[in-house]
Amino acid sequence: MATSPSSVFYPVLFLFLVAPCYAADPDPLQDFCVADLNSSASVNGFPCKPSSEVTSSDFFFDGFTKEGNVSNVFGLRVTSANVLSFPGLNTLGMSMNRVEFAPGGLNSPHSHPRATELGVVVQGKLLVGLVTTSNVFYSKEVGPGELFVIPRGLVHFQRNIGEGKALSFTAFNSQLPGAVFTAPTLFAATPTVPNEVLTQAFQVDENVVNQIKSKFGT
Ligand code: GLV
Ligand code: MN
């Protein structure tokens, strides 16, 4: 008997509607899978190194113990504990950043395509802002012990508005959340985004576009 298209389409549609919607990395299928970052195999994530080669140090990371250098144009230092720096995170769907700010320092507008961000301010005072897909801007001054959350994919920033340095830690529901920084994405891509796209998008003259590009060394 021939199968009509709708007899296949509707059950498949139903399955999609009732299927759970995963908002972060997939669940692990084993206790751990310490990343073999040197493997030439290409999978979603990283292949596991053999259990016989796993040691205690694969489950620990001390990269957050040292103060970072914030002497740069943004007055910012981000130290990431993600699968690339901490291979024990592979398949576990989590990572963290230590984010340090000089007075006036800025973590410039960016988004994380693969994770929601949960942050806590430990020292100083940050202005934390995010913009929704409806172009609504939410912001708040956040002090020590206070938390903020940035829904996955939304553009956000933090700026140190206190007197001294500021320190925060951010956590992500992805082993590698990714970060798309708005300004360099558009003005410092390789190869470069054509000027006529940027002049039309931002409704400015080409010299403005070139000036911004030059700030990013392009
Ligand atoms: C802060 O926005 C971070 O990405 O760590
Ligand atoms: Mn972020």
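## The first sheet

In this predicted model, the strands E1, E2, E9, E4 and E7 form, in that order, an open sheet of five strands whose pairing is antiparallel. Its edges are held by strand E1 (76–81) and by E7, each of which pairs on one side only, and neighbouring strands of the sheet are turned by 20° against each other on average when direction is ignored.

Within this sheet, E2 and strand E9 (residues 166–172) run antiparallel and are joined by seven bridges, one point of reference being Met96, whose bridge partner in E9 is Ala171. E9 also pairs with E4, in the antiparallel sense and over six bridges, and here Gln123 has Leu167 of E9 as its bridge partner. Strand E4 (residues 117–123) in turn pairs with E7 over four bridges, again in the antiparallel sense, with Val120 matched to Leu147 in E7.

## The second sheet

A further open sheet is formed by five strands in the order E6-E5-E8-E3-E10, and the pairing in it is antiparallel. Strand E6 (137–142) and strand E10 (180–181) are its edge strands, each pairing on one side only.

Moving through this sheet, E5 and E8 pair over six bridges in the antiparallel sense, and the bridge partner of Leu126 in E8 is Asn160. Three bridges connect E8 with E3, which pair in the antiparallel sense; Leu106 has Arg159 as its bridge partner in E8. Between E3 and E10 the antiparallel pairing extends over two bridges, and His110 is found there with Phe181 of E10 as its bridge partner.

## The manganese site

His110 also belongs to the metal site, where the protein donors of the manganese ion (ligand 2) are His110 (NE2), His112 (NE2), Glu117 (OE) and His156 (NE2), lying 2.1 to 2.2 Å from the ion. The site of the manganese ion (ligand 2) has six donor atoms, and with angles of 73 to 170° among them it is octahedral. Along the chain, the donors of this ion follow the spacing H-x1-H-x4-E-x38-H.

How many residues apart in sequence are the parts that His110 and His156 tie together? His110 lies in strand E3 (residues 106–111) and His156 in strand E8 (residues 155–160), so this pair of donors ties together parts that are 46 residues apart in sequence. Both of these histidines, His110 and His156, are buried.

## Nonpolar cores

The largest nonpolar core has twelve residues in all, namely Leu76, Val99, Phe101, Val121, Leu126, Val128, Leu130, Val142, Phe148, Ile150, Leu154 and Ala166. Strand E2 (95–101), strand E5 (126–131) and strand E7 (147–150) are the elements that give two or more residues to this core, and the largest share, three residues, comes from E5. A second, separate core consists of six residues, among them Ala81, Phe86, Leu167 and Phe169. In soluble globular proteins, nonpolar side chains tend to be buried together.

Leu154, a member of the largest core, is in contact with His110, Ser111, Leu130, Val131, Thr132 and Thr133 when its neighbours within four places in sequence are left aside. This list brings together Leu130, which is another residue of the largest core, and His110, which is a donor of the manganese ion (ligand 2).

## The chain as a whole

The chain contains four helices and ten strands, and, read along the sequence, it follows the pattern α-β-β-β-β-β-β-β-β-β-β-α-α-α. Of the 218 residues in the chain, 29% are buried. Among the contacts in the chain with a separation of 6 or more, 68% are accounted for by residues 24 or more positions apart.

## A residue in a loop

Is Glu53 buried, partly exposed or exposed? Glu53 has its place in the loop between helix H1 (5–18) and E1, and its relative accessibility is 47%, so this residue counts as partly exposed, given that the class of exposed residues begins over 50%. The C-alpha atoms of Glu53 and Val34, which are 19 residues apart along the chain, are separated by 9.5 Å.

Technical notes
Residues numbered from 1 in each chain as written. Chains lettered and ligands numbered in written order. Predicted model: local features only at pLDDT ≥ 70, side-chain atom pairs only at ≥ 80, totals over all residues. Heavy atoms only, no water. Core = buried A, V, L, I, M, F, W, Y, C linked by side-chain atoms within 4.5 Å. Buried < 20%, exposed > 50% of the residue type's maximum accessible area, 1.4 Å probe, protein only. Contact = heavy atoms within 4.5 Å. Pairing = 2+ DSSP bridges. Axes fitted to C-alpha atoms, helices over the stretch in contact; angles between N-to-C directions. Donors = N, O, S within 2.8 Å, 3.2 Å for Na, K, Ca; no water. Tetrahedral: all angles 85-135°; square planar, octahedral: opposite > 155°, others 65-115°.
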